[in-house]
Amino acid sequence: MAAKSCQEGHPAEAFGWAARDQSGVLSPFKFSRRATGEKDVALKVLFCGICHSDLHMIKNEWGISSYPVVPGHEIVGQVTGVGSKVEKFKVGDKVGVGYMVGSCHSCDSCRDDLENYCPEIVVTSGGKYHDGATTYGGFSDIMVADEHYVIRIPENFPLDAGAPLLCAGITVYSPLKYYGLDKPGMHVGVVGLGGLGHVAVKFAKAMGIKVTVISTSPKKKQEALEHLGAHSFLVSRDPDQMQAAIGTMDGIIDTVSTMHPLFPLIGLLKTQGKLVLVGAPEKPLELPVFPLIMGRKIVGGSSIGGIKETQEMIDFAAKNNITADVEVIPMDYVNTAMERLSKSDVRYRFVIDIGNTLKI
């Protein structure tokens with residue numbers, strides 16, 4: 001594979017799996033990676049996580065997909081080549097690439113290390129580079145990215161279980177930090193125990209926070225308390241349990257991406273509490289204003305994080321032994337994995353073993 005890494009100025013032949021239409025069925029696909037520029041890093045992809053947004057993209061459920069779509073934005077691998085002006089990485093380094101590979105570098109968000117909110121963000125899969133070229137994601141053998149958007153993976157950090165943190169991890173870490181819900185002794189609720197929710201519990205616990213998992217399913221209680229170590233568990237459909245917890249939480253991270261009522265969650269917050277939405281339901285949620293006014297409460301949102309904060313998150317995860325709970329799969333299992341993901345039949349994140357199972 002080292003011989004296949006992109007030479008500066010020359011495109012490289014790549015191989016991956018892509019969806020060709022709204023059926024979302026993935027199949028082998030040959031394409032070219034863009035020429036490696038002087039500030040670019042080329043890497044051999046070893047593992048790539050599957051995010052629920054990949055499912056949305058291959059089926060065009062957001063109405064923005066342009067086929068063929070090569071999904072994947074939880075990418076980890078090994079550097080095989082660097083441009084002449086790359087300063088942070090060298091051949092052999094373990095690295096990651098997350099949700100974005102470009103931004104304008106000149107807007108207020110970019111200047112504040114919040115490239116994720118740049119109006120000209122270039123997403124890793126299904127986006128458009130500034131020259132109009134389509135971006136292809138990590139369900140492929142090689143990747144090329146500007147070094148600014150490449151994350152250093154700490155030594156001895158597991159690449160397979162670490163890959164999902166490049167999306168799921170930063171998606172929950174960033175709001176915990178920004179909304180001030182990272183102070184030891186605080187009480188934070190986590191709504192939904194899936195790919196996002198289970199890592200939210202792990203990060204919050206590592207910050208010294210009391211964590212309550214809030215779920216519609218009583219079946220997840222044992223998993224939340226015994227496996228993930230949450231301090232308590234609430235069944236959101238149980239009026240007695242919800243009533244007993246009213247006004248007890250400093251904040252809530254809501255990871256649910258389907259329609260659900262916000263009013264009961266707002267009731268769980270203390271005065272000046274914060275409900276932060278990181279899931280993205282397809283239809284608007286109803287927002288009750290009166291309980292916000294009467295408790296000076298906030299409903300906010302958050303989307304991944306900037307590159308500086310993503311590196312901070314990975315370093316924090318490595319220091320505190322935080323990884324995702326993953327099911328590692330071969331490349332040719334990906335369509336079955338997508339079907340299972342659509343039914344929430346995964347605990348809690350699929351990760352494709354690209355390095356060992358992608359057959360050219």
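Contact here means heavy atoms within 4.5 Å. Keep that cut-off in your viewer while you walk through this predicted model.

**Stop 1: helix α5.** Select 195–206, the stretch that makes up α5. It has twelve residues and reaches 18 Å from its first C-alpha to its last, close to the 16 Å expected at 1.5 Å a residue. Ten of the twelve are buried, so α5 is largely enclosed by the rest of the structure. To colour the buried set, pick Gly195, Leu196, Gly197, His198, Val199, Ala200, Val201, Lys202, Phe203 and Ala204. Now show what surrounds them: these buried residues pack against α4, β10, β11, α10 and β17. Step just past the end of the helix and you'll meet glycine 208, with a positive phi of about 85°.

**Stop 2: helix α4.** Next, select residues 168–178. Nine of the eleven residues in this helix, α4, are buried, so the rest of the structure largely encloses α4 too. The buried ones are Ala168, Gly169, Ile170, Thr171, Val172, Tyr173, Ser174, Pro175 and Leu176. Which elements cover them? Turn on β10 (187–191), α5, β13 (249–254), β14 (269–277), α10 (307–319) and β17 (349–353), which are included in that cover. After α4 comes glycine 180, where phi is again positive, near 70°.

**Stop 3: the six-stranded sheet.** Switch to cartoon and trace the order β12-β11-β10-β13-β14-β15, an open sheet with parallel pairing. At its edges stand β12 (232–235) and β15 (298–301); each has a single partner strand, so one side of each is left without a neighbour in the sheet. Neighbouring strands are turned by 20° against each other on average, direction ignored. Zoom in on β13 and β14, which pair in the parallel sense over five bridges. Label glycine 251 there, and opposite it you'll find lysine 274 in β14. Bring α5 back: it packs on this sheet, touching β10 and β11 (210–215), and its direction makes about 165° with that of β11.

**Stop 4: the nonpolar cores.** Show Leu165, Leu176, Val201, Phe203 and Ile253 as sticks; of the 50 residues in the largest nonpolar core, these touch the most other members. Elements that each supply at least two residues of this core are β3 (40–49), α4, β10, α5, β11, β12 and α10. The most comes from α5, with six residues. What does isoleucine 253 touch? Leaving out residues up to four places away in sequence, its contacts are Val172, Pro175, Leu176, Leu181, Val188, Gly189, Val190, Val191, Val276 and Val278. Apart from this core lies another, of 45 residues, with Val41, Ile58, Ile75 and Phe89 among them.

**Stop 5: antiparallel strands.** Select β4 (residues 75–82) and β5 (residues 94–97), which pair in the antiparallel sense over four bridges. Glutamine 78 stands opposite lysine 94 of β5. Now add β9 (residues 150–152): three bridges join this strand to β5, and the two run antiparallel. For a label here, try glycine 96, whose bridge partner in β9 is isoleucine 151.

**Last stop: a loop.** Is serine 23 buried or partly exposed? Select it in the loop between β1 (12–19) and β2 (26–33). Serine 23 has a relative accessible area of 42%, so it counts as partly exposed, since that class runs between 20% and 50%. To finish, draw a distance from serine 23 to asparagine 60: the two are 37 residues apart in sequence and 8.9 Å apart in space, C-alpha to C-alpha.

Note on methods. Residues numbered from 1 in each chain as written. Predicted model: local features only at pLDDT ≥ 70, side-chain atom pairs only at ≥ 80, totals over all residues. Heavy atoms only, no water. Buried < 20%, exposed > 50% of the residue type's maximum accessible area, 1.4 Å probe, protein only. Pairing = 2+ DSSP bridges. Axes fitted to C-alpha atoms, helices over the stretch in contact; angles between N-to-C directions. Core = buried A, V, L, I, M, F, W, Y, C linked by side-chain atoms within 4.5 Å. Expected span 1.5 Å × (residues − 1).
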